Amino acid sequence: MKQLLVVFLGGGMGSLLRYAFSKTLNGYFTHFFLGTFLANILGCLLIGFILGMSAKGNVLTENQTLLLATGFCGGFTTFSSFAFEKHSLLTNGDILHFLLYTFSSIIIGICAIALGLWASKLL
């Protein structure tokens, strides 16, 4: 039961921060959803770092990993918003921005996870 509460609390905190990112940053560009993009990339960086630290053993407890990786990062990042934004770009016939946003999100996200894992090894 404690683990469910930990995931719930982390998810709530992540969701609130993602909402703030979206409300603040998504309006800056017409064809690029900066808030969602940054939330997803930062979430990738964070989950890479958190899971890297967790893998070290004796750095993060199981509950801390659940709070931060499963809860916070799970609530902070958002595949559903990412997919909806891609759909809206396609619906508007904006193929160039669709491709740019999709591939940059995926490639930079994977690089951010690798960077987070690498950074966790430095500590």
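Let's start with helix α4, which covers residues 79-91. How far should its 13 residues span at 1.5 Å a residue? The expected span is 18 Å, because the rule multiplies 1.5 Å by one less than the number of residues. In this model, which is a predicted one, the end C-alpha atoms of α4 are 18 Å apart, so the expectation and the model agree.

Now look at which parts of α4 are hidden. F82, E85, K86 and L89 are buried. They cover an arc of only 100 degrees around the axis, which means that they sit on the same side of α4. Turn to the other side of the helix and you'll find S80, F84 and T91, which are exposed. What do the buried residues of α4 pack against? Their partners are α2 and α5, the latter running over residues 95-122. Just after α4 comes G93, and its phi is positive, at about 75 degrees.

Step back along the chain to α3, and you can try the ruler again. This helix has 15 residues, 62-76, so at 1.5 Å a residue it should span 21 Å. Its end C-alpha atoms are 19 Å apart, which agrees with that. The buried residues here are T65, L66, A69, G71, F72, C73, G75 and F76. They pack against α1 (2-25) and α2 (34-56). That brings α2 up a second time: the buried residues of α4 pack against α2 as well.

Next, follow α5 to the surface. Which residues make the nonpolar surface patch of about 640 Å²? They are L90, I95, L99, F103, I106, I107 and I110. Helix α5 gives the most to this patch, with six residues. If you'd like one to pick out on the screen, try I107, which is found in α5.

Finally, zoom out to the whole protein chain. You'll count five helices and zero strands, and reading along the sequence gives the pattern α-α-α-α-α. Measuring along the principal axes, the C-alpha atoms fill a box of roughly 50 × 30 × 20 Å. The chain has 123 residues, and 37% of them count as buried. As for the outside, the chain exposes about 7,500 Å², with carbon and sulfur atoms supplying 75% of that area. Contacts tell you how the chain comes back to itself: take those between residues at least 6 apart in sequence, and 71% of them join residues at least 24 apart.

Key
Residues numbered from 1 in each chain as written. Predicted model: local features only at pLDDT ≥ 70, side-chain atom pairs only at ≥ 80, totals over all residues. Heavy atoms only, no water. Helix = DSSP H or I, 4+ residues; strand = E, 2+ residues; numbered from the N terminus. Buried < 20%, exposed > 50% of the residue type's maximum accessible area, 1.4 Å probe, protein only. Contact = heavy atoms within 4.5 Å. Areas by Shrake-Rupley, 256 points an atom, 1.4 Å probe, with all protein chains shown as cover. Arc of directions from axis to C-beta. Patch = residues over 30% accessible without salt bridge, like charges linked within 9 Å, V, L, I, M, F, W, Y side chains within 5 Å. Salt bridge = Lys/Arg side-chain N within 4 Å of Asp/Glu carboxyl O.
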